[in-house]
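Please open the structure in your viewer and keep the selection tool at hand. The tour below proposes one selection after another and states what is found at each stop.

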Amino acid sequence: MPLRTFPARLVGLLLRAAALGVAALSFARAADRLPNVVIIFTDDQGYGDVGVFGAKGYTTPNLDRLAREGAKFTNFHVAQAVCSASRAALLTGCYSNRVGIHGALGPNSTHGINASETTLAELLKSRGYATGMAGKWHLGHRAQFLPPQHGFDESIGLPYSNDMWPFHPEAKPGTYPKLPLIENGRVIDDEITPTKMDQLTTRYTERAVSFIERHRDQPFFFYLAHAMPHVPLAVSDKFRGKSAAGLYGDVIMEIDWSVGEVLRSLEKNGLTQNTLVIFTSDNGPWLSYGNHAGSAGPLREGKGTSWEGGTRVPALMRWPGHIPAGVTSNDYVMTIDLLPTLAGLTGAALPTHPIDGLDVWPLLSRQPGAKNPHEGYGIWYAQNELQAVVSGDGRWKLILAHRYRTLAGRPGGRDGTPAKYADAALATPELFDLAADLGETTNVATAHPDVVERLLAFAEKCRADLGDSLTKRKGSGNREPGRIAADTK
Ligand code: MG
């Protein structure tokens, strides 16, 4: 029926032309002004600690709004499930062990991020971005390792974890010095007290809002790295006692408020359409803290392990018109992929040294048929233990023989005092089909020897590149962290 089909085809052509026109227009706009980037990175928030990820006892309307207006990523991972290492990976696009940042640095650490590494802030600065951060740094507290030396025009926050202070419930007196608050590399308060800690989430949020206001007319990057919900939990009076899930729930409600303030500020300044907002956490819940820890939801174990509860974190991203609204993605993505992805989006040149992440914008923007470009991901922990490898499509995970900490079914501690972990050992590698078994309950290695073989071969590549202390392998690609000169120790 040509007479009936012709108008339909014409309409189709007109729609395509219109779509191309819109695309050309938005490209022109993007060229006019590069997108702002806001990364909200919470500390120890578990996979199950957001409303749309199944949180119970409190609501997170602003995070849920972010999911509704953007995308929810259910298979998003940190490179290593502990604070410093996780931050190093996010900010450099490298596995933490490539850049020599393992575990969690403390007030006695004499190393930090090397000046020769390229942080996300430095990368975006190369494209004319204003860069700011508020919150936990944790990539070295000595002067040369602080945010001003690593691409941030302005910064305020704690140099390391908020429990590294004299009020630690388990540390002997004298273990930790006073916890300072540092602004632009200078101590502005030499002692954060519990009362002051209650105000941190509010204070960081106010800084984020102020930064957005002040930089509305130029592309900006803001990194909001909340201290919370890392123990010791602290919350302002605005949210104290407000949840039905105790202090932990109150703290998450305040983080949700913070996200709402950021979104409101973007809206007020007309920046919603041109800002990519990314929300995620640095690692899973610190389960030994019981009612002061979050929940990994259906996942196995938590922070400090390479099981899913350690590395898989809640993630939400919004950029209207670029990331479809209200979609859920189960594609495997790791924080190391954000730096190269943002480089691609902004036209920034990648660092000349090797990095590990790859541009995953087709996945984040949900382009039809997009596939993860990685052959696989290595998951290291502690001082260079390769504890697991995952196939690039995220389906198969081979946990390698290693020891790990677990509560072994016992309850965690209460009200800020942790329970003791037990030591568990995996004697031989175990294979999990994450598509069918999110909780890593059933070892399917014998049913899939080909997959095991493939992942073992990939593990060998990981070892050759970045080493593995479990099999006593040295890598060829590890770089040194920055170290302070011996005479200034
Ligand atoms: Mg953490």
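Two strands are said to pair if DSSP finds at least two bridges between them. Helices (H or I, at least four residues) and strands (E, at least two) are DSSP runs, numbered from the N terminus. The model is predicted, so local features need pLDDT of at least 70 and side-chain atom pairs count only at pLDDT 80 or more, while totals for chains, interfaces and linings use all residues. Residues are numbered from 1 along each chain as its sequence is written, and side-chain values use heavy atoms, with hydrogens and water left out.

**First stop: a sheet and its helix**

Select residues 385-391 and 396-399. These are strands β14 and β15, which pair in the antiparallel sense over three bridges. Within this pairing, V390 stands opposite K397 in β15.

Now extend the selection to the open sheet of four strands, whose order is β13-β14-β15-β18 with antiparallel pairing. The edges are held by β13 (376-381) and β18 (430-433); each has a single partner strand, so one side of each is left without a neighbour in the sheet. From one strand to the next, the twist averages 20°.

Add residues 449-466, helix α11, which packs on the sheet and touches β13, β14, β15 and β18. Contact here means heavy atoms within 4.5 Å. The direction of α11 makes about 130° with that of β14; axes are lines fitted to C-alpha atoms, for helices over the stretch in contact, and angles run from 0 to 180 degrees between N-to-C directions.

**Second stop: the magnesium ion**

Select the magnesium ion together with D43, D44, C83, D282 and N283, which supply its protein donors at 2.1 to 2.6 Å. Donors are N, O and S atoms within 2.8 Å of the metal (3.2 Å for Na, K and Ca); water is not among the atoms, so sites may look incomplete. D282 appears twice in the list of donors, through OD. In sequence, the donor residues are spaced D-D-x38-C-x198-D-N. D44, in the loop between β1 (36-42) and α2 (61-69), and N283, in the loop between β9 (275-281) and α8 (308-311), lie 239 residues apart and link distant parts of the chain. Both D44 and N283 are buried, that is, under 20% relative accessible area (exposed is over 50%, partly exposed in between; 1.4 Å probe, protein chains only).

**Third stop: a covered helix**

Select residues 83-92, helix α3, in which 10 of 10 residues are buried. Among them is C83, which is also a donor of the magnesium ion. Against which elements do the buried residues of α3 pack? They pack against β1, α4 (120-125), β8 (220-225) and α9. After α3 comes G93, whose phi is positive, near 70°.

Proceed to α9 (residues 338-346), where seven of nine residues are buried. The residue that follows α9 is G347, with a positive phi near 75°.

**Last stop: aromatic rings**

Rings of Phe, Tyr and Trp (its six-membered ring) pair if their centres lie within 6.5 Å; planes under 30 degrees apart count as stacked, over 60 as edge-to-face and the rest as tilted. The whole structure holds 15 aromatic pairs. Select F211 and F220: their ring centres are 5.9 Å apart and their planes stand at 85°, so the pair is edge-to-face. Both F211 and F220 are buried. W286 and Y289 are likewise edge-to-face, with 4.9 Å between centres and 65° between planes. Finally, select F41, W137, F152, F221 and Y223, which ring pairs link into a cluster.
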